[in-house]
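Let's walk through this model together, beginning with one helix and ending where two chains meet. Have a look at the fold first, then read on.

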Amino acid sequence: MNRFRLAVLAAALATALPLFALQDKEAPKQEKPKESRTAYLRRIFEKDRASYGDACRAVLSVIKNDHSDADHAAIVGDLGGRGVVNADWGLQESSLLTKGTLAYMVCQALEIKGGVTMRLFGINRRYALRECLHRRLIASGTTDEYVTGRELIDVITNATIHKEQGHTDSQYK
Amino acid sequence: MMRTTTVLILMAMTALAPAFAGPSAGEQEKQPDAAAKREELEATLVDFKGTVDVKRPEDKDWVAAARNMKLKKGSELCTSVASTASLLLTGNVKIDVKPLTQAKLEDLAKLGSDLNADLKLKFGSIEVDIQKGDLRSDMKVSAPNSTTSVSGSNGIVRAPATEGGCRVTLRTTTGTWRHDAAGVDRGIFGADVADNHGNQLRDFRVLAESHDFIDFFGRNRDELYEGRFAGKAADPNPWSVPFFEYANQGPTSARVKRASALPLPPGIP
């Protein structure tokens with residue numbers, strides 16, 4: 001009898017195993033619902049720390065002058081092709097955003113060439129931040145300082161104005 | 001004696017009864033009249049560009065904006081990158097919502113011949129354009145730490161997401177703009193100020209933090225009030241400042257304001 005029960009259990013397990021395997025494969029497909037339209041903006045406003053994913057989407061929106069609903073991989077691929085982000089950073093979508101990284105992205109997106117130092121030695125996050133501070137795209141901060149959600153909104157607003165007018169003076173008038 | 005006291009108490013209660021009773025029939029008729037004077041209005045989303053979302057009081061979630069959408073009191077509006085929206089409150093009050101802005105229509109009502117509008121700006125910027133019309137339009141733009149009251153005129157109110165204050169840029173010089181922000185009195189409270197066309201701005205008041213300032217055609221407070229006198233000693237023509245109309249009304253005109261505050265211009269006896 002015990003052997004019979006064991007055999008039934010084994011048969012049931014053998015039958016169920018492929019189902020479990022299917023469920024495991026299906027699990028990753030249940031991704032979080034895609035944010036659309038202006039919801040990302042309100043979410044960023046409430047965040048204490050902006051993420052790399054937030055910045056990528058916002059900067060691509062500035063470049064294209066249109067809101068982008070694409071997923072993070074596609075956005076990073078697009079930005080990487082334009083030289084706005086550097087693949088060597090190894091940042092994930094949820095990685096916290098620093099001011100240096102954001103400044104680099106903004107400078108590349110707006111094609112800001114910078115001063116003598118940046119032109120001679122090339123762009124890096126430190127010089128990019130100095131340039132953004134000078135142009136009042138970013139209010140203040142240091143290279144490794146994290147960006148808050150509200151700061152990101154202000155930077156993107158300033159970047160949009162800079163793209164239209166070539167400076168951000170109107171934001172401070 | 002006891003009976004007399006009881007009678008007196010009863011008489012006093014009878015006399016005071018109307019005071020404690022509810023409103024009379026006449027008063028009850030007056031209350032609906034007062035309520036009828038306040039007429040709730042609806043703003044119209046006359047135009048928009050790009051990605052604009054709206055959340056009306058009856059909506060559970062944000063919905064995409066549509067042309068000629070009616071926005072009643074309590075409606076919110078949010079614009080994305082490169083997106084704008086135009087709201088028409090009445091025929092003579094128009095609001096342009098700039099990109100990356102979230103605003104809420106706190107109040108919109110007609111009180112007799114007055115239009116009362118209250119807009120709460122969470123972040124971003126709006127341009128207010130109030131033309132002369134049948135209704136006397138009083139508009140209040142509230143940012144997290146400041147309030148700007150507008151009566152007539154055209155200007156932009158910006159509320160940076162970070163700082164909590166707001167900046168005001170005037171486009172025209174008529175009307176009244178009163179800007180109050182929680183913080184420090186910057187020393188020109190209540191002062192009458194003129195723009196660089198010589199037009200007087202009435203009741204222009206500033207109470208602002210360091211991040212708040214009022215701008216007249218691109219000049220900040222330092223340029224307006226302090227930097228103006230710096231370097232004037234070396235200036236061969238220090239009176240060619242179009243800002244102060246009292247100093248530029250010609251050598252023969254009578255000085256009506258603050259003549260004693262500054263030395264007289266050259267040529268004046």
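A good place to begin is helix H7 of chain A, residues 125–134, where Arg125(A), Tyr127(A), Ala128(A), Leu129(A), Glu131(A) and Cys132(A) are buried. Buried here means that 20 or more other C-beta atoms, placed from the backbone, lie within 10 Å of the residue's own; 12 or fewer would make it exposed, and anything in between partly exposed. Please keep in mind that this is a predicted model: local features need pLDDT of at least 70, side-chain atom pairs count only at pLDDT 80 or more, and totals for chains, interfaces and linings use all residues. Residues are numbered from 1 along each chain as its sequence is written, while chains are lettered from A and ligands numbered from 1 in the order in which they are written.

What covers the buried residues of H7(A)? The cover includes helix H5 (99–109) and helix H6 (116–121) of chain A. Just past the end of H7(A), Arg136(A) has a positive phi of about 60 degrees.

Now step back to the whole chain. Chain A has eight helices and zero strands, where helices (H or I, at least four residues) and strands (E, at least two) are DSSP runs numbered from the N terminus. Of its 173 residues, 37% count as buried. Among contacts in chain A with a separation of 6 or more, 64% join residues 24 or more positions apart; a contact means C-beta atoms, placed from the backbone, within 7 Å.

Finally, turn to the partner chain. The contact takes 21 residues from chain A and 20 residues from chain B. On the side of chain A that touches chain B, H8(A) gives the most, with seven residues.

Key. Two residues are in contact if their C-beta atoms, placed from the backbone, lie within 7 Å.
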